[in-house]
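Here are some exercises on the inner space and packing of a protein. Keep the sequence and the 3D view open, and try each task before you read its solution.

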Amino acid sequence: MAFVVTENCIKCKFTDCVDVCPVDCFHEGPNFLVIDPDECIDCTLCEPECPANAIFSEDEVPEDQQEFIALNATLSKEWPSITEVKAALPDADEWNGKEDKKQYLEK
């Protein structure tokens, strides 16, 4: 079972999770990260590293975030892999914790 990046990552894009991933399963979009479920080995290392608390085990994704399971699978096939830590988006701290951010997801 894979881990899933959910809505709170949108407009934050902290990359602390990328640094600890042993299999490089993260992929980067303009303002969001996703996990490729086919590459994820369910090691649990990324979840505690996320400053936005946006990463969940697939079976623990909150009910209102279930659509992100499919979104991670789809976008991970379209977006390039990210293997090195980068700076978060400039206003990440302002967006961290805000609700209803899906409308801001840039594909």
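**Exercise 1. Find the polar partner of histidine 27 and describe the setting of this side chain.**

Solution. Please keep in mind that the model is predicted.

Step 1: Start from the side chain of histidine 27, where a polar atom lies 3.4 Å from the backbone nitrogen of serine 81.

Step 2: Place the residue in the fold. Histidine 27 belongs to strand E2, which covers residues 26-28.

Step 3: Decide whether histidine 27 is buried or exposed. Its relative accessibility is 7%, and buried means under 20%, so histidine 27 counts as buried.

Step 4: List the neighbours. Leaving out residues up to four places away in sequence, histidine 27 touches Phe32, Leu33, Val34, Asp36, Glu39, Ser76, Trp79, Pro80, Ser81 and Ile82. Serine 81, the partner from step 1, is thus among these contacts.

**Exercise 2. Identify the best-connected members of the largest nonpolar core, then follow one of them outward.**

Solution. Step 1: The largest nonpolar core has 32 residues, of which Phe26, Phe32, Ile35 and Ile55 touch the most other members.

Step 2: Map the core onto the elements. Two or more residues each come from strand E1 (3-5), helix H1 (16-20), strand E3 (33-35), helix H2 (67-78) and helix H3 (92-95).

Step 3: Follow isoleucine 55. Beyond four places in sequence, its contacts are Phe3, Val4, Val5, Cys17, Phe26, Ile35, Cys46, Glu47 and Cys50.

Step 4: Add some background. In soluble globular proteins, nonpolar side chains tend to be buried together.

**Exercise 3. Compare the linings of the cavities and the largest pocket by residue class.**

Solution. Step 1: Count the cavities. With a threshold of 30 Å³ or more, the whole structure has two.

Step 2: Take the largest cavity, with a volume of about 60 Å³. Its lining includes Phe3, Cys21, Phe26, Cys43 and Thr44, and by class there are 11 nonpolar, one polar and no charged residues.

Step 3: Turn to the second largest cavity, at about 50 Å³. Val5, Cys9, Phe14, Cys17, Leu33, Cys50, Ala52, Ala54 and Ile55 line this space; the tally is nine nonpolar, no polar and no charged residues. Ile55, followed in Exercise 2, appears here again.

Step 4: Finish with the largest pocket, whose volume is about 200 Å³. Among its lining residues are Glu7, Phe56, Asp64, Lys98, Glu99 and Asp100. The class count is one nonpolar, five polar and five charged residues.

Note on methods: Residues numbered from 1 in each chain as written. Predicted model: local features only at pLDDT ≥ 70, side-chain atom pairs only at ≥ 80, totals over all residues. Heavy atoms only, no water. 1 Å grid on protein atoms, 1.4 Å probe; cavity = no way out; pocket = protein on both sides within 12 Å on 5 of 7 lines; lining within 4 Å. Points joined across faces, edges and corners; volume = space filled by probe spheres on them. Nonpolar A, V, L, I, M, F, W, Y, C, P; charged D, E, K, R; others polar. Helix = DSSP H or I, 4+ residues; strand = E, 2+ residues; numbered from the N terminus. Buried < 20%, exposed > 50% of the residue type's maximum accessible area, 1.4 Å probe, protein only. Polar contact = N/O pair within 3.5 Å; in protein donor to acceptor, adjacent residues only side chain to side chain. Contact = heavy atoms within 4.5 Å. Core = buried A, V, L, I, M, F, W, Y, C linked by side-chain atoms within 4.5 Å.
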